[in-house]
Amino acid sequence: MRIERVVDVAAVHLAAALFDGPPLAAATEKFLAQPDHHLLFAYLGDRPVGMISGVETTHPDKGTEMFVYELGVLPDARLLGVGTALVRALAELARERGCYGMWVATEVDNEAAQATYRRAGATEQTPFVLLNWDLTVGDGAP
């Protein structure tokens, strides 16, 4: 297995099965153009079988940390260490870029994701509440 940073829009579209939905052309171009946005693919041979995306976030009193935006592995490549390798590769990239930490949120019932993150060295923090605004409807209020 090899892991590579993806910078080519065409490569993203060729690996559409790794994403929740088809990659949007404008969003893909915008994501890849940002120097603090990262997309890594895992390959078995020439076939992309997994992806992880991360975004660096910086705050004046904290510095820069890496947010694990999304992790995906094709069903037939699961339980082969692909997800763990991708998380570790993103953590190494974060270290190289001077991030002081890396974090992720996942659903409480997503045991596979939690196990992957723990295998890659993550520790669980105190539970927190995630609040969300849907900005596609009116003012975001229900």
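**Glu4 and Arg2.** I started at Glu4, which is partly exposed at a relative accessible area of 33%. For the record, I call a residue buried under 20% relative accessible area, exposed over 50% and partly exposed in between (1.4 Å probe, protein chains only). Glu4 makes a salt bridge with Arg2, with the closest N and O atoms 2.6 Å apart. By salt bridge I mean a side-chain nitrogen of Lys or Arg within 4 Å of a carboxyl oxygen of Asp or Glu. Arg2 is partly exposed too, with a relative accessible area of 34%.

**Ground rules.** This is a predicted model, so local features need pLDDT of at least 70 and side-chain atom pairs count only at pLDDT 80 or more, while totals for chains, interfaces and linings use all residues. Residues are numbered from 1 along each chain as its sequence is written, and side-chain values use heavy atoms, with hydrogens and water left out.

**Other salt bridges.** I searched the whole structure and got six salt bridges. Side chains of opposite charge can pair when their charged atoms come close. One of the six joins Arg97 and Glu56, at 2.3 Å from N to O. This pair links distant parts of the chain, 41 residues apart: Arg97 sits in the loop between helix 3 (82-96) and strand 5 (102-103), Glu56 in strand 3 (residues 47-59). My helices (H or I, at least four residues) and strands (E, at least two) are DSSP runs, numbered from the N terminus. Which partner is buried? Glu56 is, at 11% relative accessibility, whereas Arg97 is partly exposed at 38%.

I then looked at Arg95 and Glu92, whose side chains meet in a salt bridge of 3.1 Å, N to O. They are three residues apart in helix 3, so about one helical turn separates them. An α-helix has 3.6 residues a turn, so residues three or four places apart point the same way. Arg95 is exposed at 56% relative accessibility, and Glu92 is partly exposed with a relative accessible area of 38%. I also checked Arg95 against Glu65: 30 residues apart in sequence, 9.3 Å apart in space, C-alpha to C-alpha.

**Helix 3.** Does the length add up, and what is the expected span? I take 1.5 Å times one less than the number of residues; the 15 residues of helix 3 should span 21 Å, and the end C-alpha atoms are 21 Å apart, which agrees. I listed the buried residues of helix 3: Val82, Gly83, Thr84, Leu86, Val87, Leu90, Ala91, Leu93 and Ala94. They pack against strand 1, strand 2, strand 3, strand 4, strand 5 and helix 4. After the helix comes Gly98, with a positive phi near 85°.

**Core.** The largest nonpolar core has 29 residues, and Leu39, Phe41, Ile52, Val82 and Leu90 touch the most other members. Here a nonpolar core is a set of buried Ala, Val, Leu, Ile, Met, Phe, Trp, Tyr and Cys residues joined through side-chain atoms within 4.5 Å. Which element gives the most to this core? Helix 3 does, with six residues. In soluble globular proteins, nonpolar side chains tend to be buried together. I followed Leu90 outward: leaving aside residues up to four places away in sequence, Leu90 touches His38, Leu40, Ile52, Ser53, Gly54, Met66, Val68 and Met102. Contact means heavy atoms within 4.5 Å.

**Sheet.** The five strands form an open sheet in the order 1-2-3-4-5, with mixed pairing. Strand 1 (2-5) and strand 5 stand at the edges with a single partner strand each, so one side of each has no neighbour in the sheet. I count two strands as paired if DSSP finds at least two bridges between them. Strand 1 and strand 2 run antiparallel, joined by four bridges; Ile3 has Ala42 in strand 2 as its bridge partner.

Strand 2 and strand 3 also run antiparallel, with eight bridges between them. I noted that His38 stands opposite Gly54 in strand 3 and that Leu39 has Ser53 as its bridge partner there. These two strands form a hairpin with two residues between them, and Gly45 in the turn has a positive phi of about 65°. How many residues of strand 2 are buried? I get seven of its eight, so to speak mostly covered.

**Helix 2.** Last look: helix 2 lies across strand 2 and strand 3, running at about 105° to strand 2. Axes are lines fitted to C-alpha atoms, for helices over the stretch in contact, and angles run from 0 to 180 degrees between N-to-C directions.
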